[in-house]
Amino acid sequence: MTSDVQTAPTGRPDSVQRSIGWRDALRWEGGLVVVLIAVLIFGSAQSSSFLSQSTIFYAGINIGYIALMALPMTFIIMTGEIDLSVASMLGLAGSLMGFLWHHGWGIWPAIIAALVVGALGGALNGVLVAYTALPSIAVTIGTLTLFRGVAQILLGSLTVPGVGDPQFPDSMTKIGTQSIPGGALSYSTVLFLVLALLAGIVLHATPFGRALHAIGLQPEAASFSGVRVAWVKFCLFVVSGLICAVAGVLLTLQNASVSYTAGTGLELNVVAIVLFGGVSIFGGKGTIFGVLLSVIIFGALQMILTQTHVEAEKQLVITGLLLLISVIVANGRELLSRVRSRLAVGGGSR
Amino acid sequence: MTPTDEPRPVLELAGARKSFGAVHALVDGRIALRSGEAHALVGENGAGKSTLVNILAGVHQPDGGTLTVGGEDVVFNGPAAAREAGVSIIYQEPTLFPDLTVAENIFMGRQPLRSGRRIDRARMDEEARSIFKRLGVALDPRRVARGLSVADQQLVEIAKALSLSAKVLVMDEPTAALTGVEVQRLFDVMTTLQNDGAAVMFISHRLEEVFASCQRVTVMRDGKFVSSARIEETDVDTIIHQMVGRDLDSLFPKTATTPGEPVLEVRHLGREGVFDDVSFTVRAGEIVALAGLVGAGRSEVARAIFGIDPRTQGEVVVDGKRLEPGRPLAAMAAGIGLVPEDRRQQGLVMDMGIDQNFALASLRKLRRGGIMRRSSEQRLAKVWAERLQVKFGRLRDPAATLSGGNQQKVVIGKWLAREPSLLIIDEPTRGIDVGTKSEVHRIIDSLVQGGMAVLMISSELPEVLGMADRVVVLHEGRVTGNFARDEADETTIMRAATGQHGRDAA
C-alpha cells in the first residue's frame, strides 16, 4: 500500500513524480539519440563533407576541452551543487602556464604548476561549499570572478608566446593540428572519451557513484548511511579544479598561445551540456551516457553553425535555447503541475 | 435538519476510488461528517486514510464515487475548489511562511485592504485576534511564524480555516507531534469548533485520543470502509480488530534471554549543552531502552554514539575497543547500525529504489575488484525483503512507494545486511500501524535471541516496558534512572523522566 506515502502532505509532495527510474532516464537518452541522428542528417544535407574525417577532428578540437569540464560538472550537479568557476579556472591555469613560460620556465614545470593551481582552486571552492555550507552557486560565482581576475593580473594584455618568447614545443602544440596516430580523432577527444568511460564506471558501478546519487537525493539519509557527504563534495570540487586546469593546458597547447580571456563564458556551455544530457538540476539523477550524447550533439551543432557561417556570437543563442529546453523538458511534468496548481490557487484567491 | 434523529451530513463521500498505477490506494472510501460532530477516521498505515483526506482536500481527483457538500454533488478539481466549498485541511506539520506574522499567514492572499490597495494591518491583526479569542487561545497575531511550536502552527492553520468560514475541518494526525498539554488544548479548540457548528474530522493512531475527543468513529482497512459507529457503541478492542482484520496474539512478543558479554559501554559521555555524564552498558542478547521525555537528549546520545554528532566528553567502547568520535564509518566498522528517528529524511533515500536502499550501508561489501554488481545488490535486497516480509510492488520501485511500516523494515534490513553486533533503533514503531508494529517488535525480539545487542529509544511507555531488559531514563541530558526489567513500571519511569527521582537511583 502506498497511499500514505504518495499523498503525504509533508516533505516534497512531488517526490514520487520526480522519482524517475532508469526507464525514464533511458527515455531521455533515447530522445537524445533521435536528436543526434536528426542533427547528423541535417548536417550531411547542409554539407557533403559533414561526416568527413576533418570535420570530426575539428569538432573534437572545438568541443573536447569543454566536454572535459562537463565530466566533473556532471558529478557536482549530481550532488545538487554547481561549479560556475570552471571556465575561469581554465583561463587561470592557461594563463599561469603562459606566465611561467614567459618567465623562462620549462614546459613541464609550467604545466604541473598549472595543474597544482587547478587543484588548489578547486580545494578553495570545496572547502567553502562542503565545510561552511555556503551555497555553491554563490561561492563559485565569487571564484569565477576571482580566478579570472588573477589570470588578468598574471598576463595583463599579454598573449603568450609574445614577442621575444620562444614558441611552445612543436611536439606538444601538434595536438591542435594533428589527430592521434592511426585515427581521425583529436587528442582532446580521446582524452575525453577515456575519462568519460572512467566517469561512467565510477558514477554507475562504484559505491562512490552510488553515494553521489544518495547525496543528491537526500543528503541526510546519505550521511546516516555512512557517506561522508562533506568530504565527497570537497573531493569533487578538487577534481573539477584539476580537470579544468587540464582543459586549460590542453586549450593553450591546441592554440599554441594563451591570453587571460581564454574560455570566457564557457561555464554556461558546460552546464548546458550536462543538463541537456539529462542530469537533473535538483541532483540525484543522470547518466554519463546522456552527457556523452549531449557532447556529440553540441559538437555537431557547432560544426553545422560554423560551416553555414553563423557567427560565434549568434551561436550563443543556440546554447541558451538548448539550456532552456533541457531544463523545461526534463522537469516538464513537475513544471506543468506547478503551473496548474498555481492557476488553481490564483483563481481561488481572486 | 431532517426529522430523523440524526442531522443530515454536511459532507458525505461515498464509494470513492483512487488508484496510483497498479496500487489501489482507495477502493471504497466512505465518510459522512455532520455539523457539531467530531468524527474520527482510524486505520493502519496504508488503509487509505491519507488518500481520502487528499480527495477531500481537492489534491487528488477520485477515479469514482460521489462527494456531496450541503446536499449538493460537487467535484473538487483542485485545493481551491475544496476551500471554496468550506473544507479546510489541517496537516500534521503545517507549512507557514516563517518570516511573515501570524496574521499575515492567516490572511495570505486575502488581506483586508484600505484605499490605494494598501494592506489594512490594523484590521487584519484585529480579525486574527478575534478568531483566537473565539478559539480561546492566546497567540499574538503580530509575532512572526518562525519559532512557533507545531501546536501553535496548527492553531494558525485552524484560524485560517475559520477566517475562510470553513464548515468542515479535516485534521490529519494533528497530535502526532504534540505534547500532552498541547493535545488537551487542541481538544478544547475542537470542542469550541463543534459548538460553533463545524464538522471536524480527526485522524489519529492513538485510540485513547479518539475516545477522548470524538463522537463517532469510522474504521478503514486496505482502502475500504469497514465500519462507522457512535463512540459509545464501540470499544478499543473492537476497533483494533476491525483495523487489522485479525486478533493480535501478543503486542509485545518479548522472549526472555540470558545476556552475554558487554557489546557497548558508554562511559561519562557528554556533549556541551546537550547531555552530560551519560553511562550505561548494553550486552549481547539484551535490549536496553533509553526512555525519557521528548527533548531529554535520547536521540542525541544515540547520534553521538554513532558518530553523526560530535561528543565532547567521555568514551564509547564497542567490544572492548574504544570508538573514534564523530565518524559514522568507524562506528559501522565496529559493528554498530543506527535506525534513525526520522525515517523519511534520515533512514531512507525516498526516491531511490527499495533495492538500492537495502544496499546503501553495504556498498563496499558488494564490490568485486572495485566494481559494484547490480545483481549482487538485488540479491541482497531480495534476501532481506523476504526475511523481513516487506510488502512491495517491485524491488526497484522508489522507497517512497512503501507504507511507513514497510519503510521501517527496509531501514532495519539495511543495517541487518551488515550483520551488526549492536543495533540502535530510535523510535522503532513511530507512525507505524498496529499490525506492522508487532511485526517490528517480533523482528527485534528475534535479533536479540540471536545474540545481537539492541539499544532502543522509545517515547511509548508500553513499548519500553514490553520490550526492554533494562531501562535507562534520561532527564534533561542526564541519567536519572537505570532499572532492570522487573523493577521498571510506568510510575518509576515517569518519576525519573520528569526528574523527580534522585540521581543515580536504583
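**Chatting through chain B**

Modeller: Keep in mind that this is a predicted model. Let's start with Glu173(B), which has a relative accessibility of 15% and so counts as buried.

Colleague: Where does Glu173(B) lie?

Modeller: Its phi is a bit of an eye-catcher, sitting near 45°, a positive value in a residue other than glycine. Most residues other than glycine have a negative phi. As for the place, Glu173(B) lies in the loop between strand 9 (168-171) and helix 6 (180-195) of chain B.

Colleague: And Asp319(B): buried, partly exposed or exposed?

Modeller: Asp319(B) also has a positive phi, near 50°, and lies in the loop between strand 16 and strand 17 of chain B. Buried would need under 20% relative accessible area, and exposed over 50%. Asp319(B) comes in at 43%, so it counts as partly exposed.

Colleague: Which residue is the bridge partner of Val317(B) in strand 17 of chain B?

Modeller: Strand 16 (residues 313-318) of chain B runs antiparallel to strand 17, and 2 bridges join them. In one pairing, Val317(B) is matched in strand 17 with Arg322(B).

Colleague: Which strands of that sheet stand at the edges?

Modeller: The sheet in chain B is open, with 4 strands in the order 14-13-16-17 and antiparallel pairing. Each edge strand has a single partner, so one side of each is left without a neighbour in the sheet. Those are strand 14 (275-283) and strand 17 (321-322).

Colleague: How many residues of helix 9 of chain B are buried?

Modeller: Helix 9 spans residues 298-306 and is mostly covered. Among its buried residues are Arg298(B), Val301(B), Ile305(B) and Phe306(B). Right after the helix comes Gly307(B), with a positive phi near 95°. Of the helix's 9 residues, the buried count is 7.

Colleague: Zooming out, what is the radius of gyration of chain B?

Modeller: Chain B has 17 helices and 24 strands. For 506 residues the globule rule gives 23 Å, and the chain's own value is close to that, so chain B is as compact as a globular protein of that length. The radius of gyration is 25 Å.

Colleague: What share of the residues in chain B is buried?

Modeller: The C-alpha atoms fill a box of roughly 70 × 50 × 50 Å along the principal axes. Among contacts between residues at least 6 apart in sequence, 66% join residues at least 24 apart. Of the 506 residues, the buried share is 56%.

How values were computed:
Residues are numbered from 1 along each chain as its sequence is written. Chains are lettered from A and ligands numbered from 1 in the order in which they are written. This is a predicted model: local features need pLDDT of at least 70, side-chain atom pairs count only at pLDDT 80 or more; totals for chains, interfaces and linings use all residues. Side-chain values use heavy atoms; hydrogens and water are left out. Helices (H or I, at least four residues) and strands (E, at least two) are DSSP runs, numbered from the N terminus. The radius of gyration is taken over C-alpha atoms; the globule rule is 2.2 Å times the number of residues to the power 0.38. Buried means under 20% relative accessible area, exposed over 50%, partly exposed in between (1.4 Å probe, protein chains only). Contact means heavy atoms within 4.5 Å. Two strands pair if DSSP finds at least two bridges between them.
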